[in-house]
Amino acid sequence: MDTPGRPGPPQPPLGSDEELRQRLSLLAPAHTMRGLFFNSVLEVVRNLADQTAVQRCLAASGETKFQDLASYPTGTFLRMLYTAGHVLSGKFGSFEGALRPLGSRTMMKFLASAAGKALQGVAEDDPQRLIANIPLVHKMVLMGGDCTVKSLGSNRSLLVIERISTPAAFIEGALQMTLEAARVRGVRVTSRQTGSLDAEFEVSWT
């Protein structure tokens, strides 16, 4: 983690090979993700691009297929996600611009899973309760990193993720979809990078 109060070294451009290498170097070897997220990204690429683009993503991951409930190294996911982001950057204006819909559409598939349905069931039309349960889901589907939530009022919460695996824009899209799928109105998600792999996400609604 970067030292509070001191500016860190200049960061390479988001989406560059150097930035990806830096992110991969900071991930713990034990950091893993469920195959569901890999398959979700591939499905998004298939729907928005073509099968050739899907094969590029698989080639970047070094795998040929993923099992939804199996766990795979997060580094493998990042290599695939970055390739997907570049493949779709023309459609969404930039690499970062592509990450938000990738996060949103990936979350759509997760919300259709047993864990995603359980999250929505616990919420009971209460956005605060929905967000409060995100750290629990985080532990179910990811190995590595810490996720905490703090309420900032009746319609605002702060989600803090330390040792975050993906760029913040991807998680912004995922959080936006999580609340919109629960029919929460006026959802707004903003993020602030607090360290090389740490970020805060402020979520508000009307």
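Trainee: What phi does R183 take just after α10?

Mentor: In this predicted model, R183 takes a positive phi of about 60°.

Trainee: How do you know that the span of α10 agrees with its number of residues?

Mentor: Set one value against the other. At 1.5 Å a residue, its 14 residues should span 20 Å. The end C-alpha atoms of α10 are 20 Å apart, so the two agree.

Trainee: What makes α10 mostly covered?

Mentor: Count its buried residues. Of the 14 residues in α10, 11 are buried. Among them are F170, I171, E172 and L175. M177, T178 and L179 are also on that list.

Trainee: Why is C57 called buried?

Mentor: Buried means under 20% relative accessible area. C57 has 0%, so C57 is buried.

Trainee: Why does C147 count as buried?

Mentor: The cut-off is again under 20%. C147 has a relative accessibility of 13%, so C147 counts as buried too.

Trainee: How many disulfides does the structure hold?

Mentor: Zero. A disulfide needs a pair of cysteine sulfur atoms within 2.5 Å.

Trainee: What volume does the largest pocket have, and which residues are closest to its centre?

Mentor: The volume is about 320 Å³. Of the 18 lining residues, Q11, E19, R23, Q193 and S196 are closest to the centre.

Trainee: Which elements give two or more residues to that lining?

Mentor: They are α1, α10 and β6. The largest share, four residues, comes from α1.

Trainee: How do the lining residues of the largest pocket divide?

Mentor: Seven are nonpolar, six polar and five charged.

Notes. Residues are numbered from 1 along each chain as its sequence is written. This is a predicted model: local features need pLDDT of at least 70, side-chain atom pairs count only at pLDDT 80 or more; totals for chains, interfaces and linings use all residues. Side-chain values use heavy atoms; hydrogens and water are left out. On a 1 Å grid over the protein atoms alone, a cavity is a set of points where a 1.4 Å probe fits but cannot get out, and a pocket is an open set with protein on both sides within 12 Å along at least five of seven lines; lining residues have an atom within 4 Å of a point. Grid points are joined across faces, edges and corners, and a volume is the space filled by probe spheres set on the points. Ala, Val, Leu, Ile, Met, Phe, Trp, Tyr, Cys and Pro count as nonpolar, Asp, Glu, Lys and Arg as charged, and the others, Gly among them, as polar. Buried means under 20% relative accessible area, exposed over 50%, partly exposed in between (1.4 Å probe, protein chains only). The expected span of a helix is 1.5 Å times one less than its number of residues.
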